[in-house]
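Subject: Structure handover

Hello,

Here is the structure I promised. Please open it beside this email and follow along.

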Amino acid sequence: MPLLQLHQVRLAYGGLPLLDCVNLQIEAGERVCLVGRNGTGKTSLMRLMTGEESPNAGEVLRAPGTVVTYLSQEIPEKMTGSVMEVIRSGLSSAHHEEEWESDFRLEHLANTMNLSTDVSFASLSGGLKRRVLLARALAGKPDLLLLDEPTNHLDLETIIWLEEFLLTTSIALFFVTHDRAFLKKLATRIVELDRGRLTSWNCDYPTYLERKVASLEAEEKEWAAFDKKLAQEEAWLRQGVKARRTRNEGRVRVLEQLRRERGERREREEKAKITLQTGNLSGQKVIEAKNLSFHYDGIPIVQHLTTTIWRGDKIGIIGPNGSGKTTLLKLLLGEITPSSGSVHLGTKLEIVYFDQLRGKIDGEKSVAVNVAGDAETVLFQGRPRHIHSYLEDFLFHRDRIRMPAKMLSGGERNRLLLAKLFLQPANLLVMDEPTNDLDAETMELLEELVVEYQGTLLLVSHDRAFLNNVVTSTLVFEGEGKVAEYCGGYDDWVVQRPAPKIVDVPLIARVEKKSERSSRPPAFLKRRELEELPRLIEQWEQEKESLSAMFGDPEIYRKEPTKLLEIQTELQAFEERIAKSYLRWEELEEKRAKCGETGKLV
């Protein structure tokens, strides 16, 4: 029996339904990605699946005993308590555990996710808060895990960890993401929400894109044939044929049915028509940094960076959350005074800054006022345009243009900021996490615009596909304030970077750091580690075999040759981890043998 089923479900909040008598089922072990434009109802569908909302019609059915947990796109504003208290709040009553069992499991989960359990949740950054909320969702031991934009505000290291974690878990996944690399790696099936209908595509994402194009072309042809027939029947009726005759009454009824069908048709949403305004040419040398350093409270953020950014360069900035990427942007733009070294800006710069925090949006003001103030027109490409017409290019319908900006979704706020900023001509475009919350279609359009942009770009992003397709070189934070420069995008950096040092702390060492609050003696923890190690080694052996098999795949050599070094690095990491774990296993077995029949580990 499927874990979860939707049967003839309808959901509407007035106007056209978000879900129009849809059917769906999720099987155990599946990894299903839900795709669709912002505002089509993806989050509402997930809320139906968790039971937070009820459908207007139809049924949502769950297999007996099925546990469904949900990681929301939004971070709760009023959540308080320590990290462990937040994680513990996700425990499910469906699973019966002894307190010590749940204590150990949650400590292990927190350590796996590199979380400090004693700190206050409210004090964490947005990325760390999402990691804690993911741990809370996993604490309930779900059979089905729902993830709404799980990679938002996570750094690359955490995104890659999350991918690997989800690939090795047996939990069924139903997720929404704008991260194409994440989607391609995880999804075993694509479900599309479009105009109130759900369509299932049993394929990977690249195949879905090909089939979707073919489906839209077939729909266009079908609609064209329908419209031609309707026009012919309308013309027949206008010619004054005596339709009341018995032999024509059937044809009139057919025409009435055609009219009804045409009236019920839901047209596809238009694509966004985002356009960048390139300013006047800047000087050839845009930014020159010499021996640039910056410290905060004695902590090195940037150390001895020397680089020159030339007109037309597209520079990606990569690093963990909290490493100082936004600080580096402000240093390069001259907004922060360096601790040492110098920054010189070129001539004739016209800078537009896309802020990660979307701080330039006033939630109390309307969408239109945020862009145009009290004016009814804006000046774009040298010509006046009515604010309604301009915002419609960014997919804002007229009924949303006068509403307060605080009512917008994350993706809509992104589009609103783009609409506001792109009114300004720019020859230096600075973008701090521009893809967060955007749907795939709008993001791909933005990507095309940035690729064709003739000015200079500084881009902070955790989106690997966006980096690969856009930037010409990268500045990468490598720890202790070191910022190194590499040619190309993310994949090019992976090939060029030094091999990462593999430091795998044994499970017992990680748990004992947190054991001060525990009444359980270390011997208990060592026994649990001994029980866990065979399972972990088996899991890592399987992952190692999967990576080894990739070397025999000719498609890798043909399509993604740059990935080979990344695979080799991962293989070496698994080999080291497995070797260390076998040594640790032997050490614990030897200690248990010395303890005699009691089997107690000391």
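How much space lies in the second largest cavity? About 40 Å³. Keep in mind that this is a predicted model.

**Cavities**

Start with the second largest cavity. Its lining consists of Leu-71, Arg-130, Arg-131, Leu-134, Pro-150, Leu-154, Thr-158 and Leu-162. Two elements each give two or more residues to this lining: helix 4 (126-139) and helix 5 (156-168). Helix 4 supplies the largest share, with three residues. Sorted by class, this lining has five nonpolar residues, one polar residue and two charged residues.

How many cavities of 30 Å³ or more are there? The count is two. The largest has a volume of about 60 Å³. Its lining includes Thr-151, Asn-152 and Ile-159. His-178, Asp-179 and Glu-433 are also among the lining residues, and so are Ser-461, His-462 and Asp-463. By class, the lining of the largest cavity has one nonpolar, seven polar and three charged residues.

A word on the idea behind this. Rolling a probe the size of a water molecule over the atoms shows where empty space is left.

**Helix 3 against helix 4**

Helix 4 turns up again here. Two packed helices are described by the angle between their axes and the distance between the axes. Helix 3 (residues 99-112) packs with helix 4 at an angle of about 145°. The axes of helix 3 and helix 4 are 10 Å apart. Their crossing is right-handed. Which residues make the contact? Helix 3 brings Arg-105, Leu-106 and Leu-109. Helix 4 brings Ala-135, Leu-138 and Ala-139. Five residues of this contact are nonpolar, none is polar and one is charged.

**A sheet and a helix across it**

Now look at an open sheet of three strands. Its order is 11-10-13, and the pairing is antiparallel. Strand 11 (299-310) and strand 13 (340-345) are the edge strands, each pairing on one side only. On average, neighbouring strands of this sheet are turned by 15° against each other, direction ignored.

Strand 10 (residues 285-296) pairs with strand 11 over eight bridges. To find one bridge by eye, go to His-295: its partner in strand 11 is Pro-300.

Which helix lies across strand 10, strand 11 and strand 13? Helix 9 (residues 325-332) does, and it runs at about 130° to strand 10.

Best wishes

Key:
Residues are numbered from 1 along each chain as its sequence is written. This is a predicted model: local features need pLDDT of at least 70, side-chain atom pairs count only at pLDDT 80 or more; totals for chains, interfaces and linings use all residues. Side-chain values use heavy atoms; hydrogens and water are left out. On a 1 Å grid over the protein atoms alone, a cavity is a set of points where a 1.4 Å probe fits but cannot get out, and a pocket is an open set with protein on both sides within 12 Å along at least five of seven lines; lining residues have an atom within 4 Å of a point. Grid points are joined across faces, edges and corners, and a volume is the space filled by probe spheres set on the points. Ala, Val, Leu, Ile, Met, Phe, Trp, Tyr, Cys and Pro count as nonpolar, Asp, Glu, Lys and Arg as charged, and the others, Gly among them, as polar. Helices (H or I, at least four residues) and strands (E, at least two) are DSSP runs, numbered from the N terminus. Two strands pair if DSSP finds at least two bridges between them. Axes are lines fitted to C-alpha atoms, for helices over the stretch in contact, and angles run from 0 to 180 degrees between N-to-C directions. Contact means heavy atoms within 4.5 Å. A crossing is left-handed if the near helix is turned anticlockwise from the far one by less than a right angle, and right-handed if clockwise.
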